[in-house]
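I opened the model today to look up how its strands pair and what lies against them. My notes follow in the order in which I looked.

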Amino acid sequence: MGKERVTVVDIARAAGVSKSTVSLVLQASPLVNESTRAKVNAVIRELGYVYNRSAANLRQARSKIIGIVVNDLTNSFFAELAVGVDEVVQTAGFVQFLANTSEKLDRQREVIASMREHGVSGLIISPARGTEAADLAPLVAAGIPVVLVVRDIPGAGVSSLSSDNHAGAVAAVRHLVERGHRRVAFLGGFADTAVFEARMRGYGDALREAGLEVSDDLIIGSAPSRAGGVTAIEQAMMLKERPTAALCFNDAVAFGVCDGLRARRLEPGEDFAVIGFDDVIEAKTAVPALTTVSVDPQGMGERAAELLLKQINSGRVEPEAIVSPVRLAIRQSCGAAVGRRVKEISS
């Protein structure tokens, strides 16, 4: 009986490395350090392994597919971002696969694994809460280009595209303070995300800059959704010293805040000032039109796609970290200034 064929698994076991590391060595990937490469090649020679490159090329052929994985597709921000991605990748001859994780890490692992099985050329990911650098390590090891959007993950070794959340929050709160507001709330969002931390930090810095106290009772977290906004404003209105204005974590929360105000027969923009964050399409057509920090969701999708395609076309994964500027789009929802009607709801 002839000698059994040596496999990649045999090499990995003998060299004390992972199967993916052996595959990278066989592909002459630059992602493997020289000492590991030498050790694996020595085992390959010792075991007499013959690399069938033509078969490997068939197995590893990349499709013309770009994967987009987002954490909350119920937020219209991500729908607009996906439109931006599609505009760019279609022109380049690619199609996109879109998946929603609903902030679930297990679901994120499943959809990424499925996309890899379909040979995606690259991935654009807005990671679920709790995602760590180790979760992206298999993608890095496989040499698959990845661009993180909205949420960055330090140490992940992949490209990222985010907005200047701190500067946006500072601009929003400064505007409210200039209109005479002294009790400004920060409503919505999960406190365990980097986006929340940056926006929260900008909120606090702007208040301190104006000589105002940062009151813990005015910081009310909630799901970053319309329902979360309703819950947050209900809590804020139960305070003994109510706020007269709010910076909301995102536009979805801001719309919910407006709903909650109307349920109390208060009119956003007249009785209470509201500012959102994102500038989704509905912000312009809402009644009142929503003042918001504009991050240009569709433009962000376009930039993320361009960054990913650059890596795919170059054949090299060189991480870049890009922080996009933002601007305050002033509309009617922040029109309330401190005066008679605002004083009434604060009494």
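I began with Gly-67, which I find standing opposite Leu-123 in β3. The model is a predicted one, and I read the pairing from it as such. Strand β1 (residues 65-70) and strand β3 (residues 122-125) run parallel and are joined by four bridges.

I then followed the sheet outward from this pair. Its six strands come in the order β2-β1-β3-β4-β5-β11, with parallel pairing, and the sheet is open. At the edges I noted β2 (95-100) and β11 (321-324), each of which pairs on one side only. From one strand to the next, the twist averages 15 degrees.

Which helix lies across β1, β3, β4, β5 and β11? I looked this up next and found helix α13 (residues 297-314), which runs at about 165 degrees to β5 (159-163).

I turned afterwards to strand β8. Strand β6 (residues 184-187) runs parallel to β8 and is joined to it by four bridges, and within this pairing I recorded Ala-246 of β8 as the bridge partner of Ala-185. β8 also pairs with strand β9 (residues 273-278), again in the parallel sense, over three bridges; here Ala-245 stands opposite Ala-273. Following the chain, I noted that β8, helix α11 (residues 251-263) and β9 make up a β-α-β unit, which is right-handed.

Are the faces of β8 buried or exposed? I checked both sides of the strand (residues 245-248) and found Ala-245 and Leu-247 buried on one face, with Ala-246 and Cys-248 buried on the other, so that both faces are covered.

Definitions and conventions
Residues are numbered from 1 along each chain as its sequence is written. This is a predicted model: local features need pLDDT of at least 70, side-chain atom pairs count only at pLDDT 80 or more; totals for chains, interfaces and linings use all residues. Side-chain values use heavy atoms; hydrogens and water are left out. Buried means under 20% relative accessible area, exposed over 50%, partly exposed in between (1.4 Å probe, protein chains only). Helices (H or I, at least four residues) and strands (E, at least two) are DSSP runs, numbered from the N terminus. Two strands pair if DSSP finds at least two bridges between them. A crossover is right-handed if, with the strands pointing away from the viewer, the path from the first strand over the helix to the second runs clockwise. Axes are lines fitted to C-alpha atoms, for helices over the stretch in contact, and angles run from 0 to 180 degrees between N-to-C directions. Contact means heavy atoms within 4.5 Å.
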